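Work through the exercises below with the sequence and the model open. Each task is followed by a solution in steps.

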Amino acid sequence: MWQLFQFPLCPFSRKVRLLMSEKGVSYELQRENPWEARDEFFHLNPAGRTPVLVEADKRIVLVDSGAICEYFEETVDKNPMINGSATNRAEIRRLVALFDENFFGDVTAPLLHERMKKRLVYRTSPDSRMLREAMKLAHEHLDYMDYLIDNRPWLAGAQMSLADLAAAAQISVADYLGGIDWSGHEQSKGWYALFKSRPSFRPLLAERMDVIQPPSHYADPNA
């Protein structure tokens with residue numbers, strides 16, 4: 001059995017969880033707070049970041065969400081998530097990078113720092129200016145998603161792909177932290193509602209972070 005070292009609001013762990021669930025790969029969750037800097041965890045991943053995936057019996061340790069997702073794309077045929085022509089696969093990888101790097105840097109990371117880490121680790125109040133900037137940038141990213149969804153059934157093309165999983169993982173964390181205003185983004189909201197209804201997504205919506213609770217609409221697929 002795979003063991004996934006993660007914490008509830010790690011968007012990259014969420015991406016891996018979605019991929020593994022969509023492919024029917026079983027796993028167990030192991031709670032890991034990277035800010036605690038446990039020596040045992042640094043032994044698994046010297047970078048000290050989640051996710052880390054371990055199969056102890058086979059002595060396999062996989063690090064980094066991109067590497068983990070590519071591993072299962074290569075080893076599990078069910079529900080390919082980097083699919084289509086070479087051009088379409090390049091588009092999927094482009095959008096995965098957009099959400100893993102740009103959306104995370106602009107929106108998810110500031111929200112995690114201000115609304116999670118400051119509360120749990122530093123015991124200080126969030127910076128309202130940083131929160132406003134993150135929510136402003138979230139609107140810009142959602143504008144681009146609206147454009148994609150206006151022209152494609154899914155973000156990268158005709159089929160659901162890793163691009164959709166990466167986007168849903170980032171947005172779900174931002175939404176949990178109250179950083180998403182869906183006003184004026186009916187296309188993206190409708191796309192996200194599809195994910196909230198999928199069996200692979202329900203465990204993520206049910207999970208909660210210590211002392212930090214999401215908005216009332218967070219787990220409602222119709223909200």
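## Exercise 1: the sheet

Q6 has R31 in β2 as its bridge partner. The model is predicted, so local features need pLDDT of at least 70 and side-chain atom pairs count only at pLDDT 80 or more, while totals for chains, interfaces and linings use all residues. Residues are numbered from 1 along each chain as its sequence is written, and side-chain values use heavy atoms, with hydrogens and water left out.

Task: state in which sense β1 and β2 pair, and place both strands in the sheet.

Solution.
- Step 1. Strands, like helices, are DSSP runs numbered from the N terminus (strands E, at least two residues; helices H or I, at least four). Two strands pair if DSSP finds at least two bridges between them.
- Step 2. β1 and β2 are joined by five bridges in the parallel sense.
- Step 3. The sheet is open and has four strands in the order β2-β1-β3-β4, with mixed pairing.
- Step 4. β2 (27-31) and β4 (60-63) are the edge strands; each has a single partner strand, so one side of each lacks a neighbour in the sheet.
- Step 5. On average, neighbouring strands are turned by 20 degrees against each other, direction ignored.

## Exercise 2: helices on the sheet

Task: find which strands α1 lies across, and which strands α3 touches.

Solution.
- Step 1. Contact means heavy atoms within 4.5 Å. Axes are lines fitted to C-alpha atoms, for helices over the stretch in contact, and angles run from 0 to 180 degrees between N-to-C directions.
- Step 2. α1 lies across β1, β2 and β3, and runs at about 155 degrees to β1.
- Step 3. α3 packs on the sheet and touches β1, β3 and β4, making about 125 degrees with the direction of β4.

## Exercise 3: the nonpolar core

Task: name the residues with the most contacts inside the largest nonpolar core.

Solution.
- Step 1. A nonpolar core is a set of buried Ala, Val, Leu, Ile, Met, Phe, Trp, Tyr and Cys residues joined through side-chain atoms within 4.5 Å. Buried means under 20% relative accessible area, exposed over 50%, and partly exposed in between (1.4 Å probe, protein chains only).
- Step 2. The largest core has 66 residues, and L9, F72, L155, L162 and W191 have the most contacts inside it.
- Step 3. Elements that each supply at least two residues of this core include β1 (2-6), α1 (11-22) and α3 (65-75).
- Step 4. Not counting residues up to four places away in sequence, L9 touches L112, M116 and V173, among others.

## Exercise 4: charged side chains

Task: locate the partners of E91 and E114, then examine E55.

Solution.
- Step 1. A salt bridge is a side-chain nitrogen of Lys or Arg within 4 Å of a carboxyl oxygen of Asp or Glu. The whole structure has 11 salt bridges.
- Step 2. E91 bridges to R152, with the closest N and O atoms 2.9 Å apart. The pair links distant parts of the chain, 61 residues apart: E91 is in helix α4 (residues 86-122), R152 in the loop between α5 (128-151) and α6 (162-176).
- Step 3. E91 is buried at 16% relative accessibility, whereas R152 is partly exposed at 26%.
- Step 4. E114 bridges to K118 at 2.9 Å between the closest N and O atoms. Both lie in α4, four residues apart, about one turn of the helix, and both are buried.
- Step 5. E55, in strand β3 (residues 52-55), is buried yet has no salt bridge; K58, the nearest side chain of opposite charge (Lys and Arg count as positive, Asp and Glu as negative; His and the chain ends are not counted), is 5.1 Å away.
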